[in-house]
Amino acid sequence: MRAKIVSVALSGALLPVVLTSIPAAGAVAEARDRPAATAPSAAAALVRITEGQVAEARPGVPILYPSVTSCLTVTVRLADGRKAGAHASLFQVPGEYRSDAILAALKQRVGHRTVRAVEVRGAVGAWHPGYFTKAIEAYGDGETVPFPTAPDPDGIARAVADGLGQPRGRVTVQDVPDGDMTVT
């Protein structure tokens, strides 16, 4: 049997995978040394969190939130240097968290670890604080969806603090221009 070792990218890390084929009749199995794992490139040394996702980065590893246009990002800085992040979208991306479930998922990811700070960044003016408790998609026919009439950073900070079970003073909110956002 012949084995082929390839590297597969998964969540920003290269993982060695062994591919095998069925030997032909009478073939002799061949043992081969496994090559040393290669270090990921600098571009792969970050955690990418797209709309509706929650993930975590090791100490020193940046988080990339791509295409932050009408979204909010929530980054939890932990006492051990790790960062847990969520990319909250105004409208649910199929298969990902809705805005009214993303803080619970982030809170579960953080668990009982000590939180140093919570940073909310993105399109503050596009968000009503209530979107964290009832997503736009949750409103039925005839129900009025609330919409922001002015940026409400204090309301967003309170909603995020409540959703994560953190003191309000630990949460900062900043409106940032559209585009990719990297948190180091």
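This report walks through the fold of a predicted model, from its sheet and helices to a few individual residues.

Because this is a predicted model, local features need pLDDT of at least 70 and side-chain atom pairs count only at pLDDT 80 or more, while totals for chains, interfaces and linings use all residues. Residues are numbered from 1 along each chain as its sequence is written, and side-chain values use heavy atoms, with hydrogens and water left out.

**Overall make-up**

Let us start with the inventory. The protein has two helices and 10 strands, where helices (H or I, at least four residues) and strands (E, at least two) are DSSP runs numbered from the N terminus. Read from the N terminus, the elements follow the pattern β-β-β-β-β-β-β-α-β-α-β-β. Of the 184 residues, 35% are buried; buried means under 20% relative accessible area, exposed over 50%, and partly exposed in between, with a 1.4 Å probe and protein chains only. Contact means heavy atoms within 4.5 Å. Among contacts with a separation of 6 or more, 63% come from residues 24 or more positions apart.

**The five-stranded sheet**

An open sheet is built from five strands in the order 4-7-6-8-9, with mixed pairing; two strands pair if DSSP finds at least two bridges between them. Strand 4 (54-57) and strand 9 are the edges, and each has a single partner strand, so one side of each has no neighbour in the sheet. From one strand to the next, the twist averages 20 degrees; axes here are lines fitted to C-alpha atoms, for helices over the stretch in contact, and angles run from 0 to 180 degrees between N-to-C directions.

At one edge, strand 4 and strand 7 are antiparallel and share four bridges, with Ala55 bridged to Gly85 in strand 7. In a regular strand the side chains alternate between the two faces of the sheet. Strand 4 is covered on both faces: Val54 and Glu56 on one side, and Ala55 and Ala57 on the other, are all buried.

At the other edge, strand 8 (residues 115-122) and strand 9 (residues 171-175) run parallel and are joined by five bridges. The chain travels from strand 8 through helix 2 (residues 153-164) to strand 9 in a right-handed β-α-β crossover; right-handed means that, with the strands pointing away from the viewer, the path from the first strand over the helix to the second runs clockwise. Along this pairing, Val118 stands opposite Val171, and Gly122 stands opposite Asp175.

**How the helices pack**

Helix 1 (residues 102-110) packs on the sheet and touches strand 4, strand 6 (72-78), strand 7 (83-88) and strand 8, with its direction at about 170 degrees to that of strand 7. Helix 2 lies across strand 6, strand 8 and strand 9, and runs at about 135 degrees to strand 9.

**Three residues worth a look**

Glu56 lies in strand 4 and is buried, at a relative accessible area of 16%. Its side chain makes polar contacts with the side chains of Arg109 (3.2 Å) and Arg113 (2.8 Å). A polar contact is a pair of N or O atoms within 3.5 Å; within protein, one must be able to donate a hydrogen and the other to accept it, and residues adjacent in sequence count only if both atoms are side-chain atoms. Beyond four places in sequence, Glu56 also touches residues including Val47, Arg82 and Lys83.

His87, in strand 7, is buried at 0% relative accessibility. Its contacts beyond four places in sequence include Ile49, Tyr65, Cys71 and Ile102.

Arg98 sits in the loop between strand 7 and helix 1 and is partly exposed, at 27% relative accessibility. Arg98 and Gly52 are 46 residues apart in sequence, yet their C-alpha atoms are 6.3 Å apart in space. Leaving aside neighbours within four places, Arg98 contacts Gln92, Ala135, Glu137 and Ala138.

**An aromatic cluster**

Rings of Phe, Tyr and Trp (its six-membered ring) pair if their centres lie within 6.5 Å; planes under 30 degrees apart count as stacked, over 60 as edge-to-face and the rest as tilted. There are two aromatic pairs by this rule, tabulated here.

| Pair | Centre to centre | Angle between planes | Type |
|---|---|---|---|
| Trp127 and Tyr131 | 5.8 Å | 65 degrees | edge-to-face |
| Trp127 and Phe132 | 5.1 Å | 25 degrees | stacked |

These ring pairs link Trp127, Tyr131 and Phe132 into a cluster. Trp127 and Tyr131 are both buried, and Phe132 is buried too.
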